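User: I have a structure here and want to go through its interfaces. Can you take a look with me?
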Amino acid sequence: MKLVIDESRCKGCNLCTMVCPYHIFQEGDRLNERGIIVPKLDRPERCPNCRLQKLYGRRLCGACALICPDQAIRWEEEKPYEKHKVVIEY
Amino acid sequence: MTFMDWYREDRLPHIYCTGCGNGTVINCTLEAVEQMGWAVDDTVFISGIGCSSRAPGYIKTDSLHTTHGRALAFATGVKLANPRLNVVVFTGDGDLAAIGGNHFIHACRRNVDLTVVCMNNMIYGMTGGQGSPCTPVGAISTTTPYGAVEPVFDLSELAVTAGANYVARWTSYHVKELTKAVKDGLETPGFSFIEALTQCPTAYGRRNKLRQVSDMINYMRTNVILIQKKQRMLERGEAVPEEKIPVGEFVRRNRPAMGVPK
Amino acid sequence: MQGNTACAEGALAAGCNFFGGYPITPSTEIAEHMARRLPKKDGVFVQMEDEIASIATVIGASWTGARAMTATSGPGFSLMMENIGYAVMTETPCVIVNIQRGGPSTGQPTMGAQGDMLQCRFGSHGDYSTIALCPSSVQEMYDLTVKAFNLADRFRVPVFVMSDEVIGHTRERITIPDHVEIVPRRPLEKGTLPFHGGDDGVPGFPEFGRGHGVHVTGLTHDERGYPEATDPHIHETLVRRLVSKVESARHDIADYEVVNPDAETVFVTYGPPTRTVKQVMHDHPDERVGHLHLRIVWPFPERLLKIFTNAKTFIVPEMNMGQIVREVERHTCLPVIRVSKLGGELHTPDELQKLLEGRP
């Protein structure tokens, strides 16, 4: 699962930055095309919901999505990572 | 399904200002409704007039956006005429406590099987920030430019006294607790009242030295006290600071109720 | 049977299954009768905290498919005005019985009057049109209440039964029909927009709990029911449809009685003065005197005045200072005499007879 902020809905209130226990949401620094500073995501793969929702079969935490007054935060399905061959150099 | 599936996606984004807590309260209510496993077709959302009352327009179910203060009377009609429907009312402090005060106490007294979610932002937001019956003493609004002088209504205490079966108060910062409280309210037969203190940065915070959304959130986070803790403090004879707002479950009881499906 | 009881019985015969009310003289007997009868017919009676809440519950109940009504008198009717406008805007069928009494304000609670005839047409803010029926006997009280429910469901408007203390508290023998015709609401077809007028301007009814997912709002709304309060075109289309769906049918639904269509002097009446005029015409039969008795006053069916081709004068006796007479004046070039009477007493036959004799 992948955490995404819907830029067409976010109004830049930064409430999500106050509730995430992992501080994944950070105040943004760049205006988007609607003139809104959308928060940026700091290593979103740490989000327990991204990692464990499938495993537990229910939503975990989810405080950011609940508090987001503009319904802009959601989790999207993600394609499994493609396997690549890693050459390890000694 | 999640609470997002209850929204009319074609109506979003909604009209609320940046940082308004109403969207959060709708999320929590819909999450609770979703946890109840109710069907979209059997649920009706009803509201009066004001910021809070625009909420049903963004929800997929049948919904009634009525006149100022009268939402509870309309809801009484819907519920009594068809008890099979699950009725949830969104209202605000001005809508419920000022113009709809009479309907509020009588709906509590009748104990009609409704769940009422009151978004108390302590101000009239839609009309631009006039003082409401819940504006704290000393707060600045456009109609109280020298600070509010009238004592405030404690809506939750009022609902307890008037006879509601379930009463709880939380804030739009305490999303998990608020969701749980709404769910408890939906489960309780009879009149359930959940007061959600919400931030209004545009009309309230801006004039009251809480200009940033985070300031208002911090105000709500630091100024609440769990009602059980307050009672313990009172029992021990300790002084409870006056500005502390008690939150939590005020009452849960099983008085005879009207409009409960047989 | 008393007029108010006949009204309640008519409502029950028409399938009324929800009554929300508040006690007010002289309409209380309707609520009392409904409180006795409705629970035994699986209906709901609820006494609300005021008239504002009464009409609100009625509108709420109507959206669940119930045939809902309330009954009140002048002061309560004034309180209901805002939500009557809401019922018009949201196209909610409901029946409001107004047993009129002397006004303004608390006025004469136990005396009859017809002072709310313009209020029921223009009382709420904004442009709209509704239907008002005026019974002149206990039998008509029964029949017109049944009719009110059918008209409300057909046009999706609040319908007023504008009776008064005189008829409400009159006791007369009436015939209760074995079978009354009930015209049900046309349900919304799946796939059509909930506020799309169609041919007659009346949308199908999207009852709550049937999966229509309809948003009902008193704000200006488009055909989907979504608020669009700033678009001038949407507002104009909506309000013009709300008015025209009633006004365009005013001659189809006209309910009246004509006596002596060739007469020169014509009485135009509705409600209790009808009884006086009938008495005059009974006591002094005269082919030169005609009578137009309107049972539906709003929307005003002005073409009926043209039935009297030889008419030279219209006389409009009313128990107010002249309200419907304005409509008559508006629609004819002939002289119109208003015979207004205040104080709660009916015109006497002698008064009207003297008026006739005084004329050449």
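User: How many residues are in contact between chain A and chain B?
Analyst: In this predicted model, 18 residues of chain A touch 30 residues of chain B. The two chains bury about 1,800 Å² between them, with 61% of that on carbon and sulfur atoms.

User: Which residues form the salt bridge there?
Analyst: Arg9(A) and Glu9(B), with their closest N and O atoms 2.3 Å apart. One salt bridge is found across this interface. There are also 13 residue pairs in polar contact, both residues at pLDDT 80 or more.

User: And which helices of chain A supply at least two residues of the side that touches chain B?
Analyst: α1 (16-19) and α3 (63-67) each do. The largest share, four residues, comes from α3(A). By class, that side of chain A has 11 nonpolar, three polar and four charged residues.

User: Switching to chain C. How is it divided?
Analyst: Into domain 1 (3-168) and domain 2 (257-357). Their centres, taken over C-alpha atoms, are 26 Å apart.

User: How much area do those two domains bury between them?
Analyst: About 1,900 Å², 60% of it on carbon and sulfur atoms. On the domain 1 side, Gln114(C), Leu118(C) and Ser136(C) supply 30% of the area buried against domain 2, more than any other three residues.

User: What about a salt bridge between domain 1 and domain 2 of chain C, how many?
Analyst: One is found across that interface. Glu140(C) and Arg295(C) pair in a salt bridge at 2.8 Å, N to O. The polar contacts between the two domains come to 13 residue pairs, both residues at pLDDT 80 or more.

Notes: Residues are numbered from 1 along each chain as its sequence is written. Chains are lettered from A and ligands numbered from 1 in the order in which they are written. This is a predicted model: local features need pLDDT of at least 70, side-chain atom pairs count only at pLDDT 80 or more; totals for chains, interfaces and linings use all residues. Side-chain values use heavy atoms; hydrogens and water are left out. Contact means heavy atoms within 4.5 Å. Buried area is the accessible area (1.4 Å probe) that two parts lose on being put together, summed over both. A salt bridge is a side-chain nitrogen of Lys or Arg within 4 Å of a carboxyl oxygen of Asp or Glu. A polar contact is a pair of N or O atoms within 3.5 Å; within protein, one must be able to donate a hydrogen and the other to accept it, and residues adjacent in sequence count only if both atoms are side-chain atoms. Ala, Val, Leu, Ile, Met, Phe, Trp, Tyr, Cys and Pro count as nonpolar, Asp, Glu, Lys and Arg as charged, and the others, Gly among them, as polar. Domain bounds come from an automatic or database domain assignment.
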